[in-house]
Amino acid sequence: MTTSTPKDLIAAMQACADACTMCADACLGETDVQKMVNCIRLDLDCADICQATARIFARKGMSAGPAANALLTACAEACKACGDECEAHGQHGMKHCQVCAEACRRCEQACRQAMQTA
């Protein structure tokens, strides 16, 4: 994925936030919710960070100021942690976690690419 515009970056962040929110909700419906606690927490953290970062970049574009790289780094790291956790559950047949892991990977990549231009 090549993220060349603020619009593409924001779309990746919003898609990730949506996927994480849906994943957290689906995890709450699993038979053994206790095994999903870390996944749920990472989902919710990632969704919040992606939404906040997307809002800031929507206002300011790629010139989000001196905090731009810090925001992009936090977003990329949250996506990586959530993606890793969801990928592990996805390998055990949890489709919602597979979908979330894919969205997290796309957003992480978009943030890292944007850091090179911020």
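Let me start with a definition: a residue is buried under 20% relative accessible area, exposed over 50%, and partly exposed in between, using a 1.4 Å probe and protein chains only. Take aspartate 8 as a warm-up: with a relative accessible area of 31%, this residue is partly exposed. Aspartate 8 sits in helix 1, and its C-alpha is 29 Å from that of asparagine 38, with the two positions 30 residues apart in sequence.

Quick housekeeping. What you see is a predicted model, where local features need pLDDT of at least 70, side-chain atom pairs count only at pLDDT 80 or more, and totals for chains, interfaces and linings use all residues. Numbering starts from 1 along each chain as its sequence is written, and side-chain values use heavy atoms, with hydrogens and water left out.

Okay, the overall picture. The protein chain has four helices and zero strands, so counted because helices (H or I, at least four residues) and strands (E, at least two) are DSSP runs, numbered from the N terminus. The radius of gyration is 14 Å, close to the 13 Å that the globule rule gives for 118 residues, so the chain is as compact as a globular protein of that length. For that one, the radius is taken over C-alpha atoms, and the rule is 2.2 Å times the number of residues to the power 0.38. Along the principal axes, the C-alpha atoms fill a box of roughly 45 × 20 × 15 Å. Buried residues come to 42% of the 118.

Now contacts, meaning heavy atoms within 4.5 Å. Of the contacts with a separation of 6 or more, 72% are between residues 24 or more positions apart.

Let's go into helix 1. This helix has 23 residues and spans 33 Å from first C-alpha to last, close to the 33 Å expected at 1.5 Å a residue; the expected span is 1.5 Å times one less than the number of residues. Its buried residues include Leu9, Met13, Cys16, Cys20 and Cys27, and the buried set packs against helix 2, helix 3 and helix 4.

Which residues does methionine 13 touch, leaving aside neighbours within four places in sequence? Those are Cys50, Thr53, Ala54, Leu72, Cys75, Cys107 and Cys111. Methionine 13 counts as buried, at 0% relative accessibility. Methionine 13 and alanine 110 are 97 residues apart in sequence, but 8.4 Å apart in space, C-alpha to C-alpha.

One of those partners, Cys75, takes us across to helix 3. Is cysteine 75 buried or exposed? Buried, with a relative accessible area of 0%. With neighbours within four places left out, cysteine 75 is in contact with Met13, Ile49, Cys50, Thr53, Cys107 and Cys111.

Helix 3 itself covers residues 68–90, and its 23 residues reach 32 Å from first C-alpha to last, close to the 33 Å expected. Among its buried residues are Leu72, Cys75, Cys79, Cys82 and Cys86. A reminder on helices: an α-helix has 3.6 residues a turn, so residues three or four places apart point the same way. The cover over the buried residues of helix 3 includes helix 1 (6–28), helix 2 (37–60) and helix 4 (95–115).

Last bit, charges. There are 11 positive and 14 negative side chains, and the centres of the two sets lie 6 Å apart. Lys and Arg count as positive, Asp and Glu as negative, and His and the chain ends are not counted. Each charge is placed at NZ of Lys, CZ of Arg, CG of Asp or CD of Glu.
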